[in-house]
Amino acid sequence: MSAPLIPNLFEVCKVLTVAIVWIVQQIIYAFAILIPPLTGLGDWLGSDLVVTLLTWLIAVTVVVIWATLVNLLTMMWVERKLYSRLQDRYGIMISIWSLPFWPFNRVKRPTHRGTGYLQNVADGVKLLQKENITPRNADSAMFHISPVLIASSTLMIFAALPWSSGFYVANLPLGILFIFAAFSLAPLGILIAGWSANNKYTLVGGLRAAAMLMAYEIPMILAVIALVFFTGSLDPIEIVRQQDRVLFALGPIGIPAWYAFSPQFLGFLIFSVAMMAEMERIPFDIPEAEAELVEGWTTEYSGMRFGLVFGFKWLRMIAGAALIAILYLGGWSGPVFATLDVGGIPVPILPEEVWFLLKIYLISAVFVWISWSVPRVRIDQILNIGWKRLIPYSLLAILIAAGFRVIG
Amino acid sequence: MPEFWINMGPQHPMTHGLWNMKVKVDGETIVDARPEIGYLHRGYEKIMEVREFQKNVVLTDRLCYVSSITWSHAYCLAVEKMMGIEVPERGQWIRVVSLELQRLASHLMWLASYGPDLGLLTGLLWALRERELFLDLIQLMSGARMNQNYPRVGGVRNDLPENFEAMCKRSIEHFREKLNEYENIFHSSKVFLMRTEGVGRISAAEAIDWGVTGPNLRACGVNVDLRRLDSYETYEEIDFEPQVWHDGGAGDSYARFIVRFNELRESCKIVLQALEKMPKSGAYRVKPPRRAEGEGYAKTEDSRGEALFYVIGDGDDRPYRVKIRSPVFCTMAATPILLRGNKLADVVAILGSVDVCVGEMDK
Amino acid sequence: MSPAATEHVPQVSGRPVAGIEKEILAQLKAAFASKLTKAETVRDRLVHVFIDRRDLVPLCTYLKNTLGFEHLSCVTAVDWKDHFECVYHVENYYNGCMVEVHAHIPYDDPKIASLVPLWNAANFLEREMWDLMGIEFEGHPNLERILLPQDFKFHPLRKDFAQEVDRQYISRRKLKGGK
């Protein structure tokens with residue numbers, strides 16, 4: 001029903017790349033008047049290979065910036081503001097009104113007046129200027145590589161995660177499988193981080209994290225297997241397209257055929273609970289339980305390394321919410337109420353990206369709400385729930401899905 | 001994996017005070033525990049031998065800084081027993097009001113610190129918000145929110161302000177509604193029950209043997225409340241129920257939590273009754289003699305248990321010996337029993353439910 | 001969790017019994033007639049007993065097992081400059097009576113029997129008195145310093161350990177030796 005704002009990321013970036021290459025070519029051709037061999041360089045720059053390569057690089061950069069700079073900051077702001085309002089306080093308030101230069105340096109300048117969007121930027125800058133301490137007897141190679149492992153495996157998810165039917169870097173036919181594989185690399189990074197820091201607390205935290213995350217990946221994947229009975233494919237764009245029709249009309253509102261409303265409802269619940277555990281949210285945040293283990297497996301990290309592992313928790317939350325939205329809540333499908341005509345190109349008022357972002361942020365808001373109202377569950381109780389409750393329920397979900405498939 | 005000792009503290013975000021808990025773990029299960037205290041030892045008993053009787057109240061306030069009036073009151077009571085003087089009736093009633101307001105503030109601080117121990121950070125902010133109500137009342141009454149220097153040997157420092165009863169009623173009504181809100185995030189939360197039921201169990205016989213007193217003992221089922229058993233001030237004339245855990249499964253963290261939570265409601269009742277029943281005017285203070293000889297002890301129901309002060313005077317204007325018996329000090333001795341057999345993640349849940357205040361433990 | 005945890009909960013009424021101190025005093029006098037240096041009831045439900053340190057354990061065993069004094073409240077050590085005194089506050093939950101046992105200890109031999117076998121509450125309390133006053137409790141399972149650092153050499157609460165000499169808190173008259 002809805003239309004994407006960016007029909008094809010590759011094409012949009014190609015326009016940009018072609019423009020940049022043309023400018024560079026003109027400069028080189030201008031120099032080529034003095035040095036004739038440079039014309040060959042200019043021609044090579046305009047060739048297909050270079051343009052395609054540059055387009056890919058720009059597309060990846062756009063997606064990474066979109067995911068980390070825009071979405072990560074907004075998600076962190078949403079969480080911090082929402083939970084502080086739950087706690088009956090104002091919350092973060094550093095925003096552009098706090099900046100110390102003109103026109104904000106009025107004499108009676110209230111620094112804590114805004115909505116607080118720049119607080120996370122300020123925290124990031126603060127972490128950047130801190131000293132990166134390595135413990136003395138820590139396994140140096142592993143200690144330094146594990147934040148990189150966690151961060152890079154999380155960013156790999158966004159290579160295959162589409163933000164609408166056109167805004168993606170790569171559309172893999174086994175996209176969901178690739179995303180889960182990238183998701184599952186992070187527990188390895190967490191285990192290495194906890195173990196290599198030469199600290200009993202982090203060791204306990206890392207082992208707990210490894211045990212918990214491994215236990216909760218199984219029901220997650222089993223729930224998706226139950227879903228595959230219905231969708232028949234692991235391509236996220238295909239899955240969303242199948243949910244784009246109207247199930248039945250309830251008065252003026254048409255209930256869409258989202259998989260959450262179908263017999264997959266049990267799978268939806270299991271997937272959400274398992275995803276909460278994968279994102280290490282309270283009630284499942286025992287690996288970094290600050291009550292007992294100071295900061296858990298991240299205790300020994302300081303400076304921006306801590307910023308990476310700490311901030312990418314929110315990036316995994318975005319990825320997790322995106323997965324839930326794609327698989328069960330119809331992804332980016334939603335009505336586009338009108339289209340504007342911009343120079344002959346029809347631009348939808350509510351494009352697919354907006355619906356997708358709306359769903360991601362609403363799911364995350366529900367996760368934040370649950371997180372900050374419940375105590376944390378103890379590790380052996382978490383493992384009990386994961387192995388003894390969620391896996392049988394997910395097997396039941398597979399059975400139900402298979403049954404409905406047989407019936408028709 | 002072999003058993004090894006883990007240090008929880010002295011630098012730890014959630015131990016509520018500076019002390020060290022060494023636990024020996026086998027995987028996740030605790031095999032042994034050894035508390036190491038004394039990081040906050042300030043030499044109180046020695047210092048108090050140099051100050052005059054009244055000037056020691058400034059020190060006893062800071063023994064347990066969260067619950068200052070109860071400690072200073074215990075000291076003043078001990079000195080009054082030694083001197084043989086009696087506080088006038090209105091002074092006793094005002095003392096009861098101040099003690100119960102302080103008990104409310106102290107228990108709310110406990111609640112605020114118990115939530116984050118379990119991961120429920122919302123509980124911290126809600127409980128501290130309510131504690132502000134009582135700190136405001138205490139400030140109106142005595143001039144300071146904490147460490148008030150309010151009890152005097154022979155009474156209290158000043159009379160209650162005008163309109164105090166109306167202000168108390170308003171605050172307590174607001175507070176009672178909020179208590180129902182707390183039940184939503186604490187009592188009705190399945191995760192909270194999972195974390196606290198059956199955890200940190202101690203039997204009644206062991207508790208009495210190891211000197212555990214106060215709400216911790218009442219949670220084991222033993223009906224001992226010093227405000228009833230060994231009444232002081234005007235507690236005899238007030239109608240309240242010592243909260244004792246009657247059902248099975250006594251002695252675990254959940255029982256201690258419920259007992260302390262219900263004491264919040266009881267303290268509200270006591271404050272309102274005391275404000276009604278007290279004589280509307282009268283002396284609230286007598287002047288004690290400057291020099292005193294003899295000995296006296298006073299035991300009171302502090303927010304954390306039985307606080308006992310033993311004061312010996314030898315005719316000088318300052319005490320010869322002051323002994324402070326802290327309830328948390330004796331409960332610390334029982335921590336190996338409380339912790340053995342539980343998981344490492346339960347240490348904070350158990351120690352939080354026992355309500356440790358390091359100031360009174362280390363003197 | 002706790003070894004040999006009996007589910008026996010003492011049935012305590014929670015209310016004091018008036019006049020119980022006279023009975024307790026009479027029973028103590030009957031059982032330990034010669035050994036009590038002094039015994040009296042000071043006020044409601046309070047009995048003072050003065051004994052020598054040798055008779056401490058039999059008296060306390062009698063208090064606990066026969067008279068039902070199950071709660072050891074406090075262990076205090078006082079330095080009277082010519083002798084030490086160990087004061088034990090023992091409480092009975094069933095009738096609200098408190099017995100204050102003063103045990104006389106000679107100055108040059110600061111040792112006394114430990115009450116840990118009777119009441120485990122004595123564990124930390126006696127350690128504190130060893131730490132601060134230097135009285136050795138024989139039979140204590142773990143007599144170490146508890147509040148002060150392990151390598152502290154002195155026992156600060158003794159009267160020969162110098163008091164603070166800050167003139168702000170000690171008047172000039174006193175510093176010059178007056179009263």
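Read along its sequence, chain C follows the pattern α-β-β-α-β-β-β-β-α-β-α, with four helices and seven strands in total; helices (H or I, at least four residues) and strands (E, at least two) are DSSP runs, numbered from the N terminus. The model is a predicted one, in which local features need pLDDT of at least 70 and side-chain atom pairs count only at pLDDT 80 or more, while totals for chains, interfaces and linings use all residues. Residues are numbered from 1 along each chain as its sequence is written, chains are lettered from A and ligands numbered from 1 in the order in which they are written, and side-chain values use heavy atoms, with hydrogens and water left out.

The C-alpha atoms of chain C fill a box of roughly 55 × 40 × 30 Å along the principal axes. Of its 179 residues, 50% count as buried, where buried means under 20% relative accessible area, exposed over 50%, and partly exposed in between (1.4 Å probe, protein chains only). Among contacts in chain C between residues at least 6 apart in sequence, 51% join residues at least 24 apart; a contact here means heavy atoms within 4.5 Å.

Two loop residues of chain C are worth a visit. C:Leu67 sits in the loop between helix H2 (56-66) and S3 and is buried, with a relative accessible area of 12%. Leaving aside residues up to four places away in sequence, C:Leu67 touches C:Ile24, C:Gln27, C:Leu28, C:Tyr62 and C:Asn92. Its C-alpha atom is separated by 31 Å from that of C:Leu132, 65 residues apart from it along the chain. C:Lys81, in the loop between strand S3 (71-79) and strand S4 (83-91), is exposed, with a relative accessible area of 55%. C:Lys81 has a positive phi of about 70° although it is not a glycine.

A positive phi also appears in chain A, where A:Asp88, not a glycine either, has a value of about 65°. A:Asp88 is placed in the loop between H3 and H4 of chain A and, at 47% relative accessibility, counts as partly exposed.

The two helices on either side of that loop return in the description of the largest pocket, which has a volume of about 960 Å³. On a 1 Å grid over the protein atoms alone, a pocket is an open set of points where a 1.4 Å probe fits, with protein on both sides within 12 Å along at least five of seven lines, and lining residues have an atom within 4 Å of a point. Grid points are joined across faces, edges and corners, and the volume is the space filled by probe spheres set on the points. The lining of the largest pocket comprises 39 residues, and A:Met76, A:Arg80, A:Phe310, A:Gly311 and A:Trp314 lie nearest its centre. Helix H3 (48-86), helix H4 (119-128) and helix H12 (303-328) of chain A are the elements that give two or more residues to this lining. By residue class, the lining divides into 20 nonpolar, six polar and 13 charged; Ala, Val, Leu, Ile, Met, Phe, Trp, Tyr, Cys and Pro count as nonpolar, Asp, Glu, Lys and Arg as charged, and the others, Gly among them, as polar.

Chain A is assigned domain 1 (92-129) and domain 2 (143-407), with bounds that come from an automatic or database domain assignment. The centres of these two domains, taken over C-alpha atoms, are separated by 32 Å, and each domain supplies at least three residues to the lining of the largest pocket.

The largest nonpolar core (buried Ala, Val, Leu, Ile, Met, Phe, Trp, Tyr and Cys residues joined through side-chain atoms within 4.5 Å) has 93 residues, and those with the most contacts inside it are A:Phe158, A:Trp163, A:Tyr216, A:Phe271 and A:Tyr328. H12(A) gives the most to this core, with 16 residues. Apart from it lies another core, of 89 residues, among them A:Val204, B:Trp19, C:Leu56 and C:Leu125. Beyond four places in sequence, A:Tyr216 touches residues including A:Ala274, A:Phe284, A:Ile382 and A:Leu390.

Of the two pairs of chains in contact, chains B and C share the most contacts. No contact joins chain A and chain C, and their closest C-alpha atoms lie 17 Å apart.
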